[in-house]
Amino acid sequence: TINEYTNAMHDIRTELSKRILILDGAMGTMLQRKGLQGNSESFNLTNPETIGEIHNEYIEAGADIITANSFSANSISQSEYNLSEKAGQMAEAAARIARKAADEAPRKIWVAGSVGPTSKSLSLAQNINDPIFRPYSFDGMAEAFEVQIRGLINGGVDLLLFETCFDALNTKAALYAIGHIPEASDIPIMISASMSDRSGRTLTGQTMEAFYRSVQHCSPLSFGLNCSLGAEEMIPLIAEVASFATCAVSCYPNAGLPNEMGEYDESPSQMAESVRKMALAGAVNIVGGCCGTTPEHIKAVAEAVKGISPRAIPEPDDVLYVSGLESVAVDRKNNFTNVGERTNVAGSRKFAKLIAAGDYETGLQIAAGQIENGASIIDINMDDAMLDSRLEMEKFLRYVSNDPAVAKAAIMIDSSHWETLVTGLKNAQGKCIVNSISLKEGEEIFIEKAREIKALGAAIIVIAFDEEGQATTYDRKVEICRISSVSDESTKS
């Protein structure tokens, strides 16, 4: 029930303030050790006892949080095995197996429902010769995640863990799916990204902070890193995460880097020593293991951090952060943010002609030029009587996401058409700004739109305009802004 989830959330937050919590280790490694290879999630249906045994081994090793065997229990991933229709059933079975192990444990154990990113990217084109095509839409991916998350909730998870995230737009689709599941509204969310290398960027090119800003709207219980590298290589990366995250920080690395045979050689003691360094530096709240780790690794890690104080979670500051591939701070102290507006068909005749001709590559050069000249946010508007603004917004943003020189900037989605605004938000991996909404259609419609924008992770520009028209006095502007900011909790982000 919602009350049970709320209690679990309060319970784990209290525990996080007292000590570093231990997450379990790799499921795939343990399945292989027990002679099971192939579609890991199918074993929830065919070999539930084995999955339960693995959970119990991690609990005995010291894990406080066990992860349901549901990483790829979604229709997109299961399509590779022609088992898409079984995805929800696999997810629910995974949760029930983990729930049983947790309930039978001699101490408090939380169950996290694992939600992987799928092998598809909403941000990057599969074919460089066709920058617009994506094998799945935002809505299609959200629907797949919704079935998976419903299964996990029905199976009794305490937490939702979105892990090995390499594309923030995929993650935003998963978070958006939660909004369609009333039972999920109070379940704590853990998010763990995967970096492509030591540079601290995801596969799609985002910095760790830019990724965090993209998903921060869900108020996660924790944000951190998993997979990617071994623990020693993770130390500087997790220190950086700890410098900006205003939630708990998690880290569960691989057992070193894979060798030429694709195996992981780092011993439990080696891994534990590196994780201990993170803990002593005050950088982590949750630690565990990813690829190649076993109960022996988790036991060593648990012993290594025992008695070390958890990272103190800082209060958020009063700064608006948006992002593209990089994070952008809109700080009142600086009082100036450069927004490039030449990618607006209403403001640039040259850009309008390029879009009408379908010359998106040259249009990108205009955007890149603005960034080179100091713009950290790019305003994109496709409102023109001769254009399908929704379709053109989608096409151009997909071109943008494949061009790092342009994608580094935050995006301002600018349109007077609601469908175009929403389409824009569903095609940008960073935290965007919506320009704009107002109260001219009344508070009810305003709040409805504000909720949708928040669910899609964007900031909002609110125009001082209501049913009576444009505010003409300072007092009237203040009154409209007051109404728009306090009418409903959903508008406050």
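## The six-stranded sheet

In what order do the strands of the open sheet of 6 strands run? The order is β11-β12-β13-β14-β15-β16, and the pairing is mixed. The edges belong to β11 (339-340) and β16 (469-470), each of which pairs on one side only. This is a predicted model.

Inside the sheet, β13 (residues 410-414) and β14 (residues 433-439) run parallel. They are joined by 3 bridges. D414 stands opposite N435 of β14. In general, strands of a sheet pair through backbone hydrogen bonds, in either a parallel or an antiparallel way.

## A hairpin

Strands β9 and β10 make a hairpin, with 3 residues between them. β9 covers residues 320-323 and β10 covers residues 327-330. Their pairing is antiparallel, over 4 bridges. In this pair, V322 stands opposite V328 of β10.

## Unusual backbone geometry

Most residues other than glycine have a negative phi, and most peptide bonds are trans. Some places in this model depart from that pattern.

Which two residues does a cis peptide bond join? They are N435 and S436, with omega at about 15°. S436 sits in strand β14. N435 is the residue that faces D414.

T118 is not a glycine, yet its phi is positive, near 70°. The loop between β3 (110-115) and α7 (138-155) holds T118. Is T118 buried or exposed? T118 is buried, because its relative accessible area is 9%, below the 20% cut-off.

T164 also is not a glycine, and its phi is positive at about 55°. T164 belongs to strand β4. T164 counts as buried, because its relative accessibility is 17%.

## The nonpolar cores

How many residues does the largest nonpolar core have? The count is 136. Within this core, I149, F162, I191 and F223 have the most contacts. A second core, separate from the largest, has 16 residues. It includes L16, A112, A248 and C290.

F162 gives a view of the packing. Neighbours within four places in sequence are left aside here. F162 then touches V115, I149, A174, L175, I178, I189, M190, I191 and S192. Two of these partners, I149 and I191, are themselves named among the core residues with the most contacts.

## Enclosed cavities

Rolling a probe the size of a water molecule over the atoms shows where empty space is left. How many cavities of 30 Å³ or more does the whole structure hold? The search finds 2.

The largest cavity holds about 120 Å³ of space. Its lining has 14 residues, and V400, A407, I411, A428 and Q429 lie nearest the centre. Helix α15 (residues 389-401) gives the largest share of the lining, 3 residues. By class, this lining has 8 nonpolar residues, 6 polar and no charged. I411 links this cavity to the sheet, since β13 spans residues 410-414.

The second largest cavity has a volume of about 50 Å³. Its lining consists of V115, G116, P117, F145, F162, E163, C165, N170, T171 and A174. Strand β4 (159-165) and helix α8 (168-178) each supply at least two of these residues. The lining divides into 6 nonpolar, 3 polar and 1 charged. F162 lines this cavity and also appears among the residues with the most contacts in the largest core. V115 and A174 line the cavity too, and both are in contact with F162.

## The second largest pocket

How much space lies in the second largest pocket? The volume is about 1,000 Å³. The pocket is lined by 45 residues. Nearest the centre lie A26, M27, G28, T29 and C291.

Which elements give two or more residues to this lining? They are α2 (27-33), α4 (48-61), α5 (75-78), β4 and β6 (222-230). The largest share, 5 residues, comes from α2. By class, the lining has 16 nonpolar, 24 polar and 5 charged residues. Strand β4 therefore appears in two linings, as β4 also supplies at least two residues to the second largest cavity.

How values were computed:
Residues numbered from 1 in each chain as written. Predicted model: local features only at pLDDT ≥ 70, side-chain atom pairs only at ≥ 80, totals over all residues. Heavy atoms only, no water. 1 Å grid on protein atoms, 1.4 Å probe; cavity = no way out; pocket = protein on both sides within 12 Å on 5 of 7 lines; lining within 4 Å. Points joined across faces, edges and corners; volume = space filled by probe spheres on them. Nonpolar A, V, L, I, M, F, W, Y, C, P; charged D, E, K, R; others polar. Pairing = 2+ DSSP bridges. Core = buried A, V, L, I, M, F, W, Y, C linked by side-chain atoms within 4.5 Å. Buried < 20%, exposed > 50% of the residue type's maximum accessible area, 1.4 Å probe, protein only. Contact = heavy atoms within 4.5 Å.
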